[in-house]
Amino acid sequence: MNQHTMTSVYDQLLVREHLAKATPAGTLSEADEQRLKERVKQLLVEQEAVIVAHYYTSPVIQALAEETGGFIGDSLEMARFGARHPARTLVVAGVRFMGETAKILSPEKRVLMPTLEATCSLDLGCPPDEFATFCDQHPEHTVVVYANTSAAVKARADWVVTSSIAQQVVKHLHDQGKKILWAPDKHLGDYISRTTGAEMLLWDGACIVHEEFKAKGILDLKKIHPTAAVLAHPESPASVVEVADVVGSTSQLLKSAGELPNETFIVATDRGIFYKMQQENPGKHFLEAPTAGEGATCRSCAHCPWMGMNSLERMIASLESGSDEIQVSPELIDKALVPLTRMLNFPKDSSAA
Ligand code: 13P
Ligand code: SF4
């Protein structure tokens, strides 16, 4: 397996600068929270809008999505929900690539986000021009990109995949004898390559949240909770994935928390998911996988700083003023729609590029 090293996410000052500029969501009194929630509800009705939220957003945003007939899900399910829902406006509470995916799939809809500042280290670490050069250097490869990328990177791809479907798509391509170029998450790419046997050229990107989980910390925690099952998102390093009982997308981890007989779980993904895990499994105990220990920097501490920017105040501001609307050019929409549609139609229509 080769690894492309033109861009290292950690070397990118861009990521650090972006985080330094980012304003985190504040804390509110109960009365203020209630008042803001009521205002969002009113605006949603007035503007025929619906909230499409990711599991990593704050419990208050997830609860509001539930109360207003909106949706909470993983990135693939969010894309599917947004495309089939009749609302004129989608309020995507998550990160920018999720808003862009919604816009590409429903160009006729207005797609608002609480803040366009909310991005993703994987997206930041894969600039479209550098990525295009990488693809040009390997024309014989089928280009598979993770959904956590810009519309421009998707437009250069043959396939877009999310973590819930990546393995099946790559296995399908590998079975057809295709050589694969993968971007941007090296840990997810490495995991898929190991589990499918596919030879993959990997872009050197990583998620700053999942990269912080430590296998040693998880094993130490298991000594205290020997019957706990370990759930890990595949954006985590190989050493963490190796000690996990279940590896999967956010929705797959949530499902396992309900299906497994264990009473305690050590969870290696963003702690935002605890809202749904606890709600669906009130008798079970969920523990954050440790991020501390040797080599720890804890830039994220199990919570995505960009997901954390989604606040009620920002949602109101966006709905009131129409700010933070996702814009994707028609040319990019046309191009990015092709690999995205392949994913949404897989495996029904698995015609490979
Ligand atoms: P899912 O597709 O599993 O929701 O993951 C998205 C993501 O950004 C994980 O960090
Ligand atoms: Fe991106 Fe990681 Fe945040 Fe997911 S958790 S949006 S991969 S930075």
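How many nonpolar, polar and charged residues does the shell around ligand 1 have? By class, that shell has two nonpolar, eight polar and two charged residues. Before going further, please keep in mind that this is a predicted model. Below is a short tour of a parallel sheet, a helix that packs on it, and the surroundings of two ligands.

**The sheet**
- Four parallel strands make up an open sheet, and their order is β3-β2-β4-β5.
- The edges belong to β3 (71-73) and β5 (110-112); each has a single partner strand, so one side of each is left without a neighbour in the sheet.
- On average, neighbouring strands of this sheet are turned by 20 degrees against each other, direction ignored.

**Strands β4 and β5**
- Strand β4 covers residues 89-93 and runs parallel to β5, with three bridges joining the two.
- Within this pairing, L90 has V111 of β5 standing opposite.

**The helix on the sheet**
- Helix α3, made of residues 59-67, packs on the sheet and touches β2 (49-54), β3 and β4.
- The direction of α3 makes about 135 degrees with that of β2.

**Around ligand 1**
- Starting with the lower residue numbers, ligand 1 has D74, S75, L76 and N148 among its surrounding residues.
- T162, S163, S164, C207, H233, E235, S249 and T250 also surround ligand 1.

**Around ligand 2**
- Ligand 2 is surrounded by 13 residues, and the closest are C120, S121, C207, V209 and C304.
- The shell here has nine nonpolar, two polar and two charged residues by class.
- C207 appears in the surroundings of ligand 1 and also in those of ligand 2.

How values were computed:
Residues numbered from 1 in each chain as written. Chains lettered and ligands numbered in written order. Predicted model: local features only at pLDDT ≥ 70, side-chain atom pairs only at ≥ 80, totals over all residues. Pairing = 2+ DSSP bridges. Axes fitted to C-alpha atoms, helices over the stretch in contact; angles between N-to-C directions. Contact = placed C-beta atoms within 7 Å. Near = placed C-beta within 6 Å. Nonpolar A, V, L, I, M, F, W, Y, C, P; charged D, E, K, R; others polar.
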